[in-house]
Amino acid sequence: AGVLTAFAAAAVLLAAVGVYGVAAFAVARRTREVGVRVALGAAPASIRAMVLRDGARLAAAGVVVGLAVALAAGWSARGAVYGVTRFEPAVLIGVAALFGAVAVAATAVPARRAARIDPLVAMRAE
């Protein structure tokens with residue numbers, strides 16, 4: 001149980017680092033766009049919401065694909081391992097909620113950074 005807990009913690013940490021990396025890269029690629037939005041009067045809250053919405057959309061797609069793969073793996077492992085059921089709704093919902101929360105939390109840092117972009121610096125960046 002301890003080894004499985006360590007692997008689960010490592011999976012959550014890797015997921016958080018991966019989502020953070022993708023979100024930070026997306027914000028870096030859109031620095032000029034965000035700078036233009038801020039220069040035209042966009043509020044920092046709307047910039048933050050835009051980045052969080054994009055991150056949540058990607059996280060939702062990942063959760064849907066992950067649930068499909070988990071159901072397929074459960075179905076195939078049912079016959080190979082004693083005591084494995086095909087569908088455990090509490091576990092699937094809990095893991096989906098955990099990874100959704102981790103994705104939103106990992107996207108929060110790049111979203112905060114995007115909300116603080118100075119338009120002049122953004123325009124000079126490229």
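Mentor: Let's start with one word: two residues are in contact when heavy atoms of theirs lie within 4.5 Å. Keep in mind, too, that the model here is a predicted one.

Trainee: Okay, which residues of helix 3 and helix 4 meet by that rule?

Mentor: On the helix 3 side you have Pro44, Ile47, Arg48, Val51, Leu52, Gly55, Ala59, Val63, Leu67, Ala70 and Leu71. They meet a set in helix 4 that includes Leu92, Ala96, Gly100, Ala103, Val104 and Thr107. Sorted by class, the residues of this contact are 18 nonpolar, 3 polar and 2 charged.

Trainee: How do you know which way helix 3 and helix 4 run relative to each other?

Mentor: Look at the angle: the axes of helix 3 (residues 44-77) and helix 4 (residues 89-115) cross at roughly 155 degrees and come within 8 Å. That angle makes helix 3 roughly antiparallel to helix 4, because an angle over 145 degrees counts as roughly antiparallel. As for handedness, helix 3 passes helix 4 in a right-handed crossing.

Trainee: Can we zoom in on a residue there? What does Val63 touch, leaving aside its neighbours within four places in sequence?

Mentor: Val63, found in helix 3, is in contact with Ala96 and Gly100. Val63 also sits 8.7 Å from Ala97, C-alpha to C-alpha, with their places 34 residues apart in sequence.

Trainee: Now for helix 1. At what angle do helix 1 and helix 4 cross?

Mentor: Roughly 35 degrees, with their axes coming within 8 Å. The crossing is right-handed. From helix 1, residues such as Ala11, Val12, Ala15, Ala16 and Val19 take part, and from helix 4 the partners include Leu98, Phe99, Val102 and Ala103. By class, that contact has 17 nonpolar, 1 polar and 1 charged residues.

Trainee: Why is Val102 called buried?

Mentor: Set the value against the cut-off. Val102 has 16% relative accessibility, and buried means under 20%, so Val102 counts as buried. Val102 has its place in helix 4 and, leaving aside neighbours within four places in sequence, is in contact with Val12 and Ala16. The C-alpha atoms of Val102 and Ala16 are separated by 5.9 Å, although the two are 86 residues apart along the chain.

Trainee: And Phe99: what makes it partly exposed?

Mentor: Phe99 has a relative accessible area of 29%. Partly exposed covers what falls between under 20% and over 50%, so the label fits Phe99. Phe99 lies in helix 4 and touches Ala11, Val12 and Ala15, once neighbours within four places in sequence are left aside. Between Phe99 and Val12 there are 7.3 Å in space, C-alpha to C-alpha, and 87 residues in sequence.

Trainee: Let's do charges. How many salt bridges does the count come to?

Mentor: The count comes to 4 salt bridges. Side chains of opposite charge can pair when their charged atoms come close.

Trainee: What makes Arg30 and Glu33 a salt bridge?

Mentor: The distance is 2.9 Å, N to O, and the cut-off is within 4 Å, so the pair qualifies. Arg30 is partly exposed at 25% relative accessible area, and Glu33 is partly exposed at 30%.

Trainee: How do you know that Asp54 and Arg30 form a salt bridge?

Mentor: The closest N and O atoms of Asp54 and Arg30 are 2.6 Å apart. Asp54 lies in helix 3 and Arg30 in the loop between helix 1 (2-29) and helix 2 (31-39), so the pair ties together parts that are 24 residues apart in sequence. Asp54 itself is partly exposed, with a relative accessible area of 23%.

Trainee: Why does Asp54 with Arg57 count as a salt bridge?

Mentor: For Asp54 and Arg57 the closest N and O atoms are 3.3 Å apart, and the limit is again within 4 Å, so Asp54 and Arg57 pass. Both lie in helix 3, 3 residues apart, about one turn of the helix.

Trainee: Why is Arg57 called exposed?

Mentor: Arg57 has a relative accessible area of 53%, and exposed means over 50%, so Arg57 earns that label. Salt bridges that share partners join Arg57 with Arg30, Glu33, Arg37 and Asp54 into one network.

Methods: Residues numbered from 1 in each chain as written. Predicted model: local features only at pLDDT ≥ 70, side-chain atom pairs only at ≥ 80, totals over all residues. Heavy atoms only, no water. Axes fitted to C-alpha atoms, helices over the stretch in contact; angles between N-to-C directions. Helix = DSSP H or I, 4+ residues; strand = E, 2+ residues; numbered from the N terminus. Parallel < 35°, antiparallel > 145°, perpendicular 65-115°, else oblique. Left-handed = near helix turned anticlockwise from the far one by under 90°. Nonpolar A, V, L, I, M, F, W, Y, C, P; charged D, E, K, R; others polar. Salt bridge = Lys/Arg side-chain N within 4 Å of Asp/Glu carboxyl O. Buried < 20%, exposed > 50% of the residue type's maximum accessible area, 1.4 Å probe, protein only.
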